[in-house]
Amino acid sequence: MQELIQIFCATLGTLGFALLFRVRREHLLFATLGGALSWTAYLAVGFAGAGVFLSSLTGGVAVCLWSEMMARWRKAPANVYLIPGIVPLLPGSALYYAMEAVVNEDTEVFTAKGIEALLGAVGIAGGILIASEIVRCFLVAARFRRRKQQEKEAAIAAALAEAEAREKAEKIREKTS
């Protein structure tokens, strides 16, 4: 039950930031769902025993792939879905406690929370990079296949045109002979 409450709160937080970032109404629902997806992926990997880095990495990959899919389906920039979607993953509490430890001159807590915040941020960035590269590779491969298909069709059309031209030339020769 606690996990569902966390996902619900992450969804509401994403909605709030999407409104703050002035995401258009037609994109608002899918941008909000991206935040729910990212937090769900984070929790799922966290419950499997992974740490902050791997959980954040997985959440980043999930929300980036979601953003790229929505961008192509909804004909909008991927950032419209990506930026609100990473909000639940941001290591805000770790940063807060790290800064509080600095003020209280507690180096142990500062080190632990600072490393946690750094691992979370690097995990998010790494997840976005990995997913973006995966999407780019698929798009390049699709473009390559499309270009090869067009070249094949052009070659077939040229061969047909050449065959028709030969037939016409032969008919003309037959008529003149």
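The following exercises, each with a worked solution, concern a predicted model.

**Exercise 1. Length of helix α6**

Determine what span is expected for helix α6 and how far apart its end C-alpha atoms are.

*Solution.* Helix α6 covers residues 107-176, which makes 70 residues. The rise is 1.5 Å a residue, and the expected span is 1.5 Å times one less than the number of residues. For α6 this rule gives 104 Å. The end C-alpha atoms of the model are 102 Å apart, which agrees with the expected span.

A part of the helix can be considered in the same way. Threonine 107 and alanine 131 are separated by 24 residues in sequence, and their C-alpha atoms are 36 Å apart in space.

**Exercise 2. Burial along helix α6**

Classify threonine 107, leucine 119 and alanine 131 as buried, partly exposed or exposed.

*Solution.* The classes rest on relative accessible area: under 20% is buried, over 50% is exposed, and values in between are partly exposed.

1. Threonine 107, a residue of α6, has 59% relative accessibility and therefore counts as exposed.
2. Leucine 119, also placed in α6, has 37% and is therefore partly exposed.
3. Alanine 131 is buried, and the buried residues of α6 also include Gly120, Gly123, Ile124 and Ile128.

What covers these buried residues? The cover includes α3 (52-74), α4 (79-86) and α5 (92-103).

**Exercise 3. Nonpolar residues inside and outside**

Identify the largest nonpolar core and the elements that build it, then describe the nonpolar patch on the surface.

*Solution.* The largest nonpolar core has 14 residues, and Trp39, Leu82, Ile86 and Ile128 have the most contacts inside it. Two or more residues each come from α1 (2-20), α2 (25-47), α3, α4 and α6. Helix α2 gives the most, with four residues. Another core lies apart from this one; it has 10 residues, among them Ala18, Val23, Trp66 and Met70.

Isoleucine 86 serves as an example of the contacts. Once neighbours within four places in sequence are set aside, isoleucine 86 touches Val63, Ile124 and Ile128.

On the surface, a nonpolar patch is formed by Phe53, Leu54, Ile115, Leu118, Leu119 and Val122, which together have about 520 Å² of accessible area. Both α3 and α6 supply at least two residues of the patch, and the largest share, four residues, comes from α6.

**Exercise 4. Salt bridges within helices**

Explain why the partners of three salt bridges can be related to the turn of a helix.

*Solution.* An α-helix has 3.6 residues a turn, so residues three or four places apart point the same way. The structure holds five salt bridges, and three of them are examined here.

1. Arginine 72 and glutamate 68 meet at 2.8 Å, N to O. The two are four residues apart in helix α3, which means about one helical turn. Arginine 72 is partly exposed at 42%, whereas glutamate 68 is buried at 15%.
2. Glutamate 116 and lysine 113 meet at 3.4 Å, N to O. Their separation is three residues in α6, again about one helical turn. Glutamate 116, at 28%, is partly exposed, and lysine 113, at 25%, is partly exposed as well.
3. Lysine 148 and glutamate 151 have their closest N and O atoms 3.9 Å apart. Both lie in α6, three residues apart, or about one turn. Lysine 148 is partly exposed at 43%, and glutamate 151 is partly exposed at 43%.

Notes
Residues numbered from 1 in each chain as written. Predicted model: local features only at pLDDT ≥ 70, side-chain atom pairs only at ≥ 80, totals over all residues. Heavy atoms only, no water. Buried < 20%, exposed > 50% of the residue type's maximum accessible area, 1.4 Å probe, protein only. Contact = heavy atoms within 4.5 Å. Patch = residues over 30% accessible without salt bridge, like charges linked within 9 Å, V, L, I, M, F, W, Y side chains within 5 Å. Areas by Shrake-Rupley, 256 points an atom, 1.4 Å probe, with all protein chains shown as cover. Salt bridge = Lys/Arg side-chain N within 4 Å of Asp/Glu carboxyl O. Core = buried A, V, L, I, M, F, W, Y, C linked by side-chain atoms within 4.5 Å.
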